[in-house]
Amino acid sequence: MTHNGGLFIAKDLFHSSFIEETKKLWAEKLGHEITTEQALQIIEFWLGLAEELNRLSQLPSVSK
């Protein structure tokens with residue numbers, strides 16, 4: 001399980017192929033392999049970002 005910014009992600013929440021694909025994708029982008037823990041942190045970051053964007057989209061718009 002990893003913790004970052006208030007989210008807790010347990011690796012058994014995701015199919016192993018999803019974690020492996022995340023590792024492969026980011027290894028290609030970074031030029032070196034990443035650990036399962038790092039892959040979970042990346043997944044956690046994107047989930048948090050999506051949650052925040054969703055929250056912001058619910059705010060009333062400000063008009064001038």
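In the predicted model, the side chains of E20 and K23 meet in a salt bridge, with 3.7 Å from N to O. Both residues belong to helix 1, where they stand 3 residues apart, and so about one helical turn separates them. The two partners differ in exposure. E20 is partly exposed, because its relative accessibility is 43%. K23 is buried, because its relative accessibility is 18% and the cut-off for burial is under 20%. Side chains of opposite charge can pair when their charged atoms come close.

The structure holds 2 salt bridges. Besides the pair in helix 1, R55 forms a salt bridge with E52. Here the closest N and O atoms are 2.6 Å apart. R55 and E52 lie in helix 2, 3 residues apart, and therefore about one helical turn separates them. R55 has a relative accessible area of 43%, so it counts as partly exposed. E52 is also partly exposed, because its relative accessible area is 34%.

Helix 2 runs over residues 36-57 and contains 22 residues. At 1.5 Å a residue, a span of 32 Å is expected for this helix. The C-alpha atoms at its ends are 31 Å apart, so the model agrees with the expected value. The buried residues of helix 2 are A39, L40, I42, I43 and E44. E44 thus appears in the buried set, whereas E52 of helix 2 is partly exposed.

Aromatic side chains were examined next. The count comes to 2 aromatic pairs. One of them joins F45 and W46 in an edge-to-face arrangement. Their ring centres are 5.3 Å apart, and the planes form an angle of 80°. The angle counts as edge-to-face because it is over 60 degrees. F45 is partly exposed, with a relative accessible area of 47%. W46 is partly exposed as well, at 45% relative accessibility.

Attention then turned to A27. This residue lies in helix 1, which covers residues 16-30. A27 counts as buried because its relative accessibility is 18%. With neighbours within four places in sequence left aside, A27 is in contact with H32 and E33. A39, one of the buried residues of helix 2, lies 12 residues from A27 along the chain. The C-alpha atoms of A27 and A39 are separated by 9.7 Å.

Methods:
Residues numbered from 1 in each chain as written. Predicted model: local features only at pLDDT ≥ 70, side-chain atom pairs only at ≥ 80, totals over all residues. Heavy atoms only, no water. Helix = DSSP H or I, 4+ residues; strand = E, 2+ residues; numbered from the N terminus. Expected span 1.5 Å × (residues − 1). Buried < 20%, exposed > 50% of the residue type's maximum accessible area, 1.4 Å probe, protein only. Contact = heavy atoms within 4.5 Å. Salt bridge = Lys/Arg side-chain N within 4 Å of Asp/Glu carboxyl O. Phe/Tyr/Trp six-rings, centres within 6.5 Å; stacked < 30°, edge-to-face > 60°.
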